[in-house]
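Here are my comments on the model you asked me to read, set out point by point so that each can be checked against the coordinates.

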Amino acid sequence: MTTAPDLAPEATAWSAALHAEVQQFYAHQMQLLDLAEAQSWADTFTEDATFAVPTLPEPVRGRAGLAAATTRSHAELAAAGQRHRHFLGMLDVRPRPDGAVDVRSYAIVYVSDIGGASRVHRVCVCEDVLVRDADGGLKVSARTVTRDDLA
């Protein structure tokens, strides 16, 4: 008896290994962001990445722009005596036939007053396109963030 060949390319199949890899990527990326390691965080994006948020008139473009925006944001938080912590969860990981990966997740941003209370600052949806770099690692090529309070 012959069976039909599997017509779906390996790269387009969801797998627990891919899901775990994506989850670890985000855990590392959010740690870099919250530790104010702006350039290392920006390096988790492609050189020509876009980052669209509803509080800016146009997307931030490229690693240099991402690092500069993050450095400014951390300086503003420090001046206000605050710290942010980002939590990404409920990852919906969907591989594409071209090898890219679409990921939709919920993002909760907590703000803590240094020496004071912590609270939820924002609840967002994060939609990313992840691609592989030359070494096979994941990079964000496009990120769109929407906020529940502005939807």
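The points below go from the overall fold to the core, then to the pockets, and end with two backbone details.

1. Status and overall layout. The model is predicted rather than experimental, and the comments should be read with that in mind. The chain comprises three helices and six strands, and read from the N terminus these elements follow the order α-α-β-β-α-β-β-β-β. Along the principal axes, the C-alpha atoms occupy a box of roughly 70 × 30 × 25 Å.

2. Burial and surface. The chain has 151 residues, 35% of which count as buried. The area that the chain exposes is about 9100 Å², with 56% of it supplied by carbon and sulfur atoms. If one takes the contacts between residues at least 6 apart in sequence, 49% of them join residues at least 24 apart.

3. The nonpolar core. The largest nonpolar core holds 28 residues, and those with the most contacts inside it are Val22, Tyr26, Trp41, Phe51, Leu66, Val103 and Leu130. At least two residues of this core come from each of H1, helix H2 (38-42), strand S1 (45-52), H3, S3, S4, S5 and S6, and H1 supplies the largest share, with seven residues. For Val22, once neighbours within four places in sequence are left aside, the contacts are with Leu91, Val93, Val103, Leu130 and Leu138.

4. Trp41. This residue sits in helix H2 and counts as buried because its relative accessible area is 3%, which is under 20%. Beyond its neighbours within four places in sequence, Trp41 is in contact with Gln29, Met30, Leu32, Leu33, Phe51, Leu66, Thr70 and Arg143. Trp41 is also one of the residues with the most contacts inside the largest nonpolar core. As a distance to check in the coordinates, the C-alpha atoms of Trp41 and Ala107 are 17 Å apart, with the two positions 66 residues apart in sequence numbering.

5. Gln29. Is this residue of helix H1 buried or exposed? Gln29 is buried, since its relative accessible area is 0%. Not counting residues up to four places away in sequence, Gln29 touches Trp41, Thr44, Phe45, Val140 and Arg143. Arg143 also appears among the contacts of Trp41, and the three side chains may usefully be viewed together.

6. The largest pocket. Its volume is about 950 Å³, and 33 residues line it, those nearest its centre being Phe51, Val53, Thr55, Ser73 and Arg122. Two or more lining residues come from each of helix H1 (16-34), strand S2 (60-61), helix H3 (62-80), strand S3 (82-95), strand S4 (101-113), strand S5 (118-132) and strand S6 (138-147). H3 contributes the most to this lining, with nine residues. By residue type, the lining of the largest pocket consists of 18 nonpolar, eight polar and seven charged residues. Phe51 deserves a second look, as this residue lies among those nearest the centre of the largest pocket and is also listed among those with the most contacts inside the largest nonpolar core.

7. The second largest pocket. This pocket encloses about 220 Å³ of space, and its lining is made up of Gln23, Tyr26, Ala27, Met30, Gln31, Asp34, Leu35, Arg85, His86, Phe87, Leu88 and Leu91. H1 and S3 each give at least two of these residues, with the largest share, six residues, coming from H1. The lining of the second largest pocket divides into seven nonpolar, three polar and two charged residues.

8. Backbone details. Most residues other than glycine have a negative phi. Two positions should therefore be inspected against that general rule. Ala36, in the loop between H1 and H2, has a positive phi of about 65° although it is not a glycine, and Ala36 is partly exposed, with a relative accessible area of 43%. Met90, in strand S3, likewise has a positive phi, near 55°, and this residue is exposed because its relative accessible area of 65% is over 50%.

Definitions and conventions: Residues numbered from 1 in each chain as written. Predicted model: local features only at pLDDT ≥ 70, side-chain atom pairs only at ≥ 80, totals over all residues. Heavy atoms only, no water. 1 Å grid on protein atoms, 1.4 Å probe; cavity = no way out; pocket = protein on both sides within 12 Å on 5 of 7 lines; lining within 4 Å. Points joined across faces, edges and corners; volume = space filled by probe spheres on them. Helix = DSSP H or I, 4+ residues; strand = E, 2+ residues; numbered from the N terminus. Nonpolar A, V, L, I, M, F, W, Y, C, P; charged D, E, K, R; others polar. Buried < 20%, exposed > 50% of the residue type's maximum accessible area, 1.4 Å probe, protein only. Contact = heavy atoms within 4.5 Å. Areas by Shrake-Rupley, 256 points an atom, 1.4 Å probe, with all protein chains shown as cover. Core = buried A, V, L, I, M, F, W, Y, C linked by side-chain atoms within 4.5 Å.
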